[in-house]
Amino acid sequence: MGLEDLNHNFLTGQLENLVKWARYNSMWPATFGLACCAIEMMSAGAADFDLARFGMEVFRASPRQADLMIVAGRVSQKMAPVLRQVYDQMMEPKWVISMGVCASSGGMFNNYAIVQGVDQIVPVDVYAPGCPPGPETLIHAILTLHEAVRTGELTKRRERSGQGAELTVADQTVRSMPTKTGITAIRPYAAAKEGGSE
Amino acid sequence: MGIFDGLKGFKVTLKQIAEPRVTGQYPKVKRPKPPRFHGRHVLNRYEDGMEKCIGCELCAAVCPARCIHVRGRDNSPDDPVSPGERFGYVYEINYLRCIHCDLCVEACPTEAITESKLFEFSFTNRQDAIYTKHELVVDDEGMPQQLPWEDWREGDADLTSGWMRATAAQGRPEFGGVVQWSSELGFGERAPEMGQSELEESKASPVFSLRDILADKIFIRHGGNVR
């Protein structure tokens with residue numbers, strides 16, 4: 001006796017899809033606002049942009065109850081171990097959005113005090129550019145992350161690397177992830193670089 | 001203690017029920033951008049398709065975040081890329097460093113680099129964030145390329161334009177201190193506009209017609225004819 005005998009009384013599907021659906025529809029961000037980007041992050045959570053529409057308006061102060069870390073602002077060398085500890089305390093599966101240019105690459109603070117890219121400390125899933133990114137840019141980054149969780153690209157990557165905390169800066173699979181427009185985001189990257197007149 | 005005392009606490013809440021909603025439904029609709037919004041860059045071209053960039057690296061020199069990488073190369077006489085002697089052979093902007101300060105637009109002597117109004121984009125890896133010349137340069141109609149990880153909507157490209165710098169544009173002394181649109185492929189040459197402190201009137205509407213009225217005013221003040 002199989003599922004065929006049940007005569008349309010049940011919907012069948014993969015449990016994994018349900019889990020993914022639950023994951024991307026109720027991400028709980030850990031609060032990690034470090035600088036001016038946090039103001040835009042608060043704005044995204046407030047009434048004008050209302051992250052509650054995506055089920056994630058409460059920024060958790062407790063890392064155990066969070067699964068998304070939005071690093072908003074510049075990370076100083078002194079803050080780096082704290083950030084890593086908060087990340088380690090979060091439960092799997094967990095994701096990181098690097099919000100703003102300072103978190104992503106140090107931005108204009110190219111000096112000894114600022115970590116030049118938070119992906120040196122934690123694996124970053126989505127980068128939001130801008131100084132600071134507007135609430136729309138942050139929401140765009142969050143929706144990109146939702147899409148990545150929904151298509152399962154991120155969990156596949158985690159399975160392959162064996163642990164979530166491993167640093168994978170440039171990942172080919174995530175790079176060719178289909179985007180919302182349905183076009184595969186493959187870049188004609190640096191064709192001019194080959195014979196650059198350096 | 002009356003029975004309605006409990007309702008007093010809800011006074012503000014109940015009053016707000018009738019108020020209109022303020023939440024912007026971002027993924028469905030985009031907020032209109034201010035006229036001078038700084039977004040992703042574009043590299044402009046002339047009407048004949050020649051690139052405006054001459055590879056002088058002034059934008060890279062002025063960039064406070066050091067996010068621009070330019071290398072120039074001599075034009076070949078048979079197949080020139082730009083009208084000048086040299087052209088920008090390598091042009092890369094790292095959007096994980098760019099702070100959208102528009103200093104590169106101010107520095108550019110040929111109005112080659114301007115900023116569009118697009119700000120809704122994000123990357124899943126660092127390679128995507130480095131825009132090469134192939135992605136920055138406008139297409140044959142003068143419109144910016146719409147890359148798959150960017151959120152372009154219908155009509156966004158119409159708002160895209162080179163906002164001219166605050167210094168005397170195109171080297172014309174009569175426009176000293178007057179802000180001006182650059183002349184662009186796809187948009188033509190636009191009339192100059194008022195300074196930022198006098199822009200209160202046009203703040204209410206991002207529509208171009210009001211801007212054109214303002215532009216006419218200032219055009220007449222500087223002895224020009226109304227278009």
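The following conversation goes through a sheet and some salt bridges in a predicted model.

Student: What makes β2 and β5 of chain B the edges of their sheet?

Tutor: The sheet is an open one of 3 strands in chain B, in the order β2-β3-β5 and with antiparallel pairing. Strands β2 (68-74) and β5 (130-131) of chain B each have a single partner strand, so one side of each is left without a neighbour in the sheet, and they stand at its edges.

Student: How do you know that β2(B) and β3 of chain B count as paired?

Tutor: Pairing requires at least two bridges between the strands. Between β2(B) and β3 (residues 86-94) of chain B there are 7 bridges in the antiparallel sense, so the pair satisfies that requirement. Within this pairing, Gly72(B) stands opposite Gly88(B) in β3(B).

Student: Why is the contact between Arg86(B) and Asp74(B) called a salt bridge?

Tutor: The cut-off is 4 Å between a side-chain nitrogen of Lys or Arg and a carboxyl oxygen of Asp or Glu. For Arg86(B) and Asp74(B) the N to O value is 3.1 Å, so the contact falls within the limit and earns the name. This pair links strand β3 of chain B, where Arg86(B) lies, with strand β2 of chain B, where Asp74(B) lies, the two residues being 12 residues apart.

Student: Why is Asp74(B) called exposed, and why is Arg86(B) called partly exposed?

Tutor: Exposed means over 50% relative accessible area, buried means under 20%, and partly exposed is in between. Asp74(B) has 52% and is therefore exposed, whereas Arg86(B), with 31%, is partly exposed.

Student: How do you know that Asp140(B) forms a salt bridge with Arg45(B)?

Tutor: Their closest N and O atoms are 3.4 Å apart, which means that the pair meets the 4 Å cut-off. The salt bridge links distant parts of the chain, since Asp140(B) sits in the loop between α6 (133-136) and α7 (156-159) of chain B and Arg45(B) in the loop between β1 (41-43) and α3 (58-62) of chain B, 95 residues apart.

Student: Are Asp140(B) and Arg45(B) buried or exposed?

Tutor: Asp140(B) has a relative accessible area of 61% and is therefore exposed, while Arg45(B), with 17%, is buried.

Student: What makes Arg153(B) and Asp151(B) a salt bridge?

Tutor: The closest N and O atoms of Arg153(B) and Asp151(B) are 2.9 Å apart, so this pair too is within 4 Å. Asp151(B) is buried at 13%, whereas Arg153(B) is partly exposed at 24%.

Methods
Residues are numbered from 1 along each chain as its sequence is written. Chains are lettered from A and ligands numbered from 1 in the order in which they are written. This is a predicted model: local features need pLDDT of at least 70, side-chain atom pairs count only at pLDDT 80 or more; totals for chains, interfaces and linings use all residues. Side-chain values use heavy atoms; hydrogens and water are left out. Helices (H or I, at least four residues) and strands (E, at least two) are DSSP runs, numbered from the N terminus. Buried means under 20% relative accessible area, exposed over 50%, partly exposed in between (1.4 Å probe, protein chains only).
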